[in-house]
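This report introduces a protein structure to a reader who has not met it before. The sequence and the model are shown first, and a description follows.

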Amino acid sequence: MATEIALSKAVERVQPSATIAVTTKANEMKRQGIDVIGLGAGEPDFDTPDHVKDAAIKAINEGKTKYTPADGIPELKEAICAKFKRDNDLEYTPAQINVSPGGKAVLYNAFMATLNPGDEVIVPAPYWVSYPEMARLAGGDPVFVQCGPNSNYKLSPEALEQAITPKTKWLVLNSPSNPTGAAYTKDELRALAGVLLKHPQVWVMTDDMYEHLVYDGFEYWTIAQVEPKLYDRTLTVNGVSKAYAMTGWRIGYAGGPEKLIATMRKIMSQSTSNPCSISQWASVAALNGDHGFLAERNKVFKQRRDMVVKALNDCEGLTCATPEGAFYVYPSCAGVIGKSSPKGTLISSDKDFATALLEEEQVAVVFGEAFGLSPAFRISYATSTEALEEAMTRIKRFCAALK
């Protein structure tokens, strides 16, 4: 019998992605013929715009199917520089731009390029499930700061100040947030920047992936735009996945200090090499092309958000805030803890709630423990309005039946 391979200590520190696990389980149940409504995946149900698909087909027909520079073709880097200037009033040169196989790879490469054992990464909770795990993989230690409903799920300057130590290397900011949809105003970012200016060892990793998905006239800002003095220690991360409905194309990008970008490129040269060449040409078209479709899609997302928030607040034991952006809501289920489901499951945690909801009403959500703040759960409303309406009916029925 073969001896089992010994796993690395870094991998043993890491948990698998709970969001992927929920989506996988929901898809397995669907394949078994079960009528499951999946609200776990953060993936727009809209299609990639036609002009983007046409650019990809053109690239294929022109034979642009070979290796590219490790961290992106010049044309895409130029498009990203233009985007940062147009949308965020940030000046970057192509040498300051990284293109990776998805936003997740950008974040991971940045952590790998900078973290040493004992370095701390401040992660406001609730957080996207991958932030702390990627920090751990790179040898760092995530430091969680609870940002509950009383602070509108946002980090306060006071809490940031308390979390910073001599070991702090990064602060991770995500606005609008996955999982809550909360977004920071210009004044809120300026207040956080005031704290960071007192601690020059702390760098800022700002995940702006949901930048274009904001509602109710919310004005979007990113921190290096608000405070130019942080420009030299900020990695501004974005991508084409969410706004352009290009999740499967796997293109993320970032602007940052040239030395950091060069180090990330070195890591890519020995790991993934370049992002998909076809996806890069499609992304050029996405960033440089017509953005008129965004307003129409955001109108639909806002309608879905409003419907879901109202429906959840009508459910016995649930409360749900109205987020500024993204396509998630993060309702509290504190009011159902301690009750039992119709099939006898004791709801002692948000994980119990999500498990029973899937098994008894066939609605898949992600439990709040995975995001570091309980008792709550995340719903993605990036699915059809009809599916959302049926899901809300099932959730309301499930909550009403709890005893």
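At what angle do α13 and α14 pack, and how far apart are their axes? In this predicted model, the angle between α13 and α14 is about 110°, and their axes are 11 Å apart. The two helices α13 and α14 are therefore roughly perpendicular to each other, and their crossing is right-handed. On the α13 side, the residues that take part are F353, A356, L357, E360 and E361; they meet R394, I395, R397, F398 and C399 of α14.

**Salt bridges**

One of the residues in that contact, R394, also forms a salt bridge with E390, at 2.9 Å from N to O. Both partners belong to helix α14 (residues 385-401), and because E390 and R394 are 4 residues apart there, about one helical turn separates them. The surroundings of the two residues can be told apart by their accessibility: E390 is partly exposed, with a relative accessible area of 34%, whereas R394 is buried at 6%.

Across the whole structure, the search finds 27 salt bridges. Three of them are listed here.

| Salt bridge | N to O distance |
|---|---|
| D71 and K77 | 3.0 Å |
| E390 and R394 | 2.9 Å |
| K339 and E316 | 3.7 Å |

In the pair D71 and K77, D71 is buried, with 2% relative accessibility, and K77 is buried too, at 8%. Buried here means under 20% relative accessible area.

The salt bridge between K339 and E316 spans 3.7 Å from N to O. K339 lies in the loop between β9 (328-329) and α13 (350-361), while E316 lies in the loop between α12 (293-313) and β9, so this pair ties together parts that are 23 residues apart in sequence. E316 is partly exposed, at 45% relative accessibility.

Salt bridges also link K83, R86, D87 and E211 in a network.

**Helix α11**

Helix α11 covers residues 277-288 and has 12 residues. At 1.5 Å a residue, α11 should span 16 Å, and its end C-alpha atoms are 17 Å apart, which agrees. Is this helix enclosed or open to the outside? Of its 12 residues, 11 are buried, so α11 is largely enclosed by the rest of the structure. Among the buried residues are W281, I278, V284 and L287. The buried residues of α11 pack against three elements: α3 (50-61), α4 (74-88) and β8 (252-255).

**Backbone features in loops**

Most residues other than glycine have a negative phi, and most peptide bonds are trans. Several places in this model can be set against that background.

Which peptide bond ending at P176 is cis? The bond from S175 to P176 is cis, with omega near -15°, and P176 lies in the loop between β5 (168-174) and α8 (186-196). A cis peptide bond also joins S374 and P375, where omega is about -5°. P375 is found in the loop between β11 (366-367) and β12 (377-380).

Positive phi values occur at A245, where phi is near 50°, and at Q362, where it is about 60°; neither A245 nor Q362 is a glycine. A245 sits in the loop between β7 (234-239) and β8 and is buried, at 10% relative accessibility. Q362 is placed in the loop between α13 and β10 (363-364) and is partly exposed, at 22%.

Note on methods:
Residues numbered from 1 in each chain as written. Predicted model: local features only at pLDDT ≥ 70, side-chain atom pairs only at ≥ 80, totals over all residues. Heavy atoms only, no water. Salt bridge = Lys/Arg side-chain N within 4 Å of Asp/Glu carboxyl O. Buried < 20%, exposed > 50% of the residue type's maximum accessible area, 1.4 Å probe, protein only. Expected span 1.5 Å × (residues − 1). Contact = heavy atoms within 4.5 Å. Axes fitted to C-alpha atoms, helices over the stretch in contact; angles between N-to-C directions. Parallel < 35°, antiparallel > 145°, perpendicular 65-115°, else oblique. Left-handed = near helix turned anticlockwise from the far one by under 90°.
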